[in-house]
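Trainee: I have a model open on my screen and would like to go through it with you. Could we start with how you name the parts, and then look at some individual places?

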Amino acid sequence: MKKIKILWTDDEIDLLKPHIIFLEQKGYEVYTTTNGIDALNLIEKENFDIIFLDENMPGLSGLETLSRMRTILPMVPIIMITKSEEENIMDEAIGSKIDDYLIKPVNPNQILLAIKKNIDKRRLVTQKTTSAYQSEFSKLGMEINDSFNYNDWYDVHRKLTYWELELSESQDSTMDEVLKMQQNEANNSFAKFIKKNYISWFDPKNEDKPMLSPNLLRDSVFPLLRENKKVVFLLIDNLRFDQWKAIEPLLSQYYNVEDEELFYSILPTATQYARNSIFSGLMPSEINDLYPDLWKNDDEEGGKNLYEEEMLRSMMHRHNIKSGLYFEKIIDIKNTKKISDNLVSIVNNQFVVLVVNFVDALSHARTDQKMIRELADTTTAYRALTKSWFEYSSLLDLLKNLALHDVTLVISTDHGSIQVSNPIKIIGDRNTTTNLRYKQGKSLNYNKKEVFEVLNPLEAHLPKTNISSTYVFTCGNDFFAYPNNYNHYVKYYKDTFQHGGVSLQEMIIPVVTLKPK
């Protein structure tokens, strides 16, 4: 294994000889200089893993040396060693991006700990994470096999997401395939659970059922409004639970999480169905019956989510919610700026609803655009791209400004997505819907063992386009492919992120309540 190379710069380096010997005996390769100029010359010639730098040196001071070093080595850990704890010195050092600091006199164990913190930390964390997941693997496998109700699946999804996030931060990829295998195992078992239980959730006599899309606002938002709280409901379209966990730290300096729950998206896990259901408080067949002018079937022309505000106002009326409502879809920076500029007047409304489509647009762009596809070729990369967008978005700036007001922020979504990899064949007529994760049509031909089929759509509260319409949903990481031009179709859509079907990632999604700090 390559030795870790250390540069130690101190005008009294001779007095530190015992420390140098101690580190060399531990297997480190130590270079020394007595002044900033020699240190800068040396880092131009040698590659170092970590640098110890005295703050108080004659000639070029430690802070000046640090500033110049950072232009040459922006990523190498630099540890400042100082005799002084004066606040202005430490502020200047931290502002110049030191990674750590020690106060003289230092002992060898302090130096060793600083090295482990700043170099070995990731390796040690990786080893611990890998070992911990290996220990949990069998236990989690048993939990997957013993998941008999919707709450069990909440726990499984949380734990799988936790380990996915933990392992993605490590440098060891040896467990990636193992985790992927366990996720596939979980989705196979989850699909069996959904096939057995989903229709029963719509039986009025069944009280053992999860919160579903139509009840999201009723159960998570309306109680807050009844307490006369000002509520901002932010719906980020197509946001998976792991994507929420990725952006959560970016909000943590402005908000405290008061509650984080999971709920189930209805099927199909597609915007047209799930989001209309959220804002209407109704299932799709009920929307179609009560508001035939507002509902559009898959085969009809025009936008499928054009009347969400009208549906929401109607639901508020049914539940006797008389709060003033501001409703806005954020489709670009211009929309966000408009809201930011008028934030004071907007939050005068007790109920503010914001719908953001970026993550869904990113998912579709990843399918259609080669560059985005290469940027987000794995779930880890897709999650990182979502976090990067949020971190530098005008939406985060808006939420920062919103935190200055006395509001309760509720963040949720309509459905998630899954990276598909396994094509399954289906045959339908020209009127069959085009979604890769579900199909609606008549005379559909498929392998019944591979799908979740709903032969009577009304049992799942889904509208029928004709008397013999059926719905079929793919499960796990499957996607539908037509036999015609099969190879081209499979090559184009394999490894893309899709939604509409049955998987933990699509169906079990977050609703989070936050309060400004």
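Mentor: Let us fix the naming before anything else: helices (H or I, at least four residues) and strands (E, at least two) are DSSP runs, and they are numbered from the N terminus. Please also keep in mind throughout that this is a predicted model.

Trainee: Okay, so where is T82 in that scheme?

Mentor: T82 belongs to strand β4, which covers residues 78–82.

Trainee: And is T82 buried or exposed?

Mentor: T82 is buried, because its relative accessible area is 0%, and buried here means under 20%.

Trainee: Which side chain does T82 make a polar contact with?

Mentor: The side chain of T82 is joined to that of E55 by a polar contact of 3.0 Å.

Trainee: Switching topic, how many cavities does the structure hold at 30 Å³ or more?

Mentor: There are two cavities of that size in the structure; the largest has a volume of about 100 Å³, while the second largest holds about 40 Å³ of space.

Trainee: Which residues line the second largest one?

Mentor: Its lining is made of V232, I339, L343, I346, V347, V352, L354, L398, L399 and L402. The elements that give two or more residues to this lining are α15 (343–346), β9 (351–356) and α19 (394–402), and α19 gives the most, with three residues.

Trainee: How do those lining residues divide into nonpolar, polar and charged?

Mentor: For the second largest cavity the division is ten nonpolar, no polar and no charged. The lining of the largest cavity, by contrast, divides into four nonpolar, five polar and three charged residues.

Trainee: What lines the largest cavity, then?

Mentor: The residues that line the largest cavity are H157, L160, T161, E164, Q183, N187, R240, F241, D242, L504, Q505 and I508. Two or more of the lining residues come from each of α6 (150–168), α7 (176–197), α10 (241–251) and α21 (504–507), and α6 gives the most, with four residues.

Trainee: N187 is on that list; which helix is it in?

Mentor: N187 is found in helix α7, and its relative accessibility is 3%, so N187 counts as buried.

Trainee: What does the N187 side chain reach?

Mentor: The side chain of N187 reaches the backbone nitrogen of L504 at 2.8 Å, and both N187 and L504 are among the residues that line the largest cavity.

Trainee: What about open sites: what volume does the largest pocket have?

Mentor: The largest pocket has a volume of about 620 Å³. It is lined by 26 residues, of which E164, K180, Q183, T379 and Q419 are the closest to its centre. The elements that give two or more residues to the pocket lining are α6, α7, α18 (379–391) and β11 (418–419), and α7 gives the most, with seven residues.

Trainee: And how does the pocket lining divide by residue type?

Mentor: The lining of the largest pocket divides into three nonpolar, 15 polar and eight charged residues.

Trainee: Let's do aromatics; how many aromatic pairs does the structure hold?

Mentor: The structure holds 30 aromatic pairs. One of them is formed by Y198 and W201, an edge-to-face pair with 5.7 Å centre to centre and 65 degrees between the planes, and both of these residues are buried.

Trainee: Why is the pair of F233 and F279 called edge-to-face?

Mentor: The planes of F233 and F279 stand at 80 degrees, with the ring centres 6.3 Å apart, so the pair is edge-to-face; the cut-off for that label is over 60 degrees. F233 lies in strand β6 (residues 231–236) and F279 in helix α11 (residues 271–280), so the pair ties together parts that are 46 residues apart in sequence. Both F233 and F279 are buried.

Trainee: How many residues of α11 are buried?

Mentor: Ten of the ten residues of α11 are buried, so this helix is largely enclosed by the rest of the structure. The buried residues include Q272, R275 and N276 as well as I278 and F279. After α11 comes G281, whose phi is positive, near 70 degrees.

Trainee: Last one: which ring does the charged end of K425 sit over?

Mentor: The charged end of K425 sits over the ring of Y486, 4.8 Å from its centre. Elsewhere, K5 lies over the face of F48, at 5.7 Å from the ring centre.

Terms used
Residues are numbered from 1 along each chain as its sequence is written. Side-chain values use heavy atoms; hydrogens and water are left out. On a 1 Å grid over the protein atoms alone, a cavity is a set of points where a 1.4 Å probe fits but cannot get out, and a pocket is an open set with protein on both sides within 12 Å along at least five of seven lines; lining residues have an atom within 4 Å of a point. Grid points are joined across faces, edges and corners, and a volume is the space filled by probe spheres set on the points. Ala, Val, Leu, Ile, Met, Phe, Trp, Tyr, Cys and Pro count as nonpolar, Asp, Glu, Lys and Arg as charged, and the others, Gly among them, as polar. Buried means under 20% relative accessible area, exposed over 50%, partly exposed in between (1.4 Å probe, protein chains only). A polar contact is a pair of N or O atoms within 3.5 Å; within protein, one must be able to donate a hydrogen and the other to accept it, and residues adjacent in sequence count only if both atoms are side-chain atoms. Rings of Phe, Tyr and Trp (its six-membered ring) pair if their centres lie within 6.5 Å; planes under 30 degrees apart count as stacked, over 60 as edge-to-face and the rest as tilted. A charge sits over a ring if NZ of Lys or CZ of Arg is within 6 Å of the ring centre and within 35 degrees of the ring normal.
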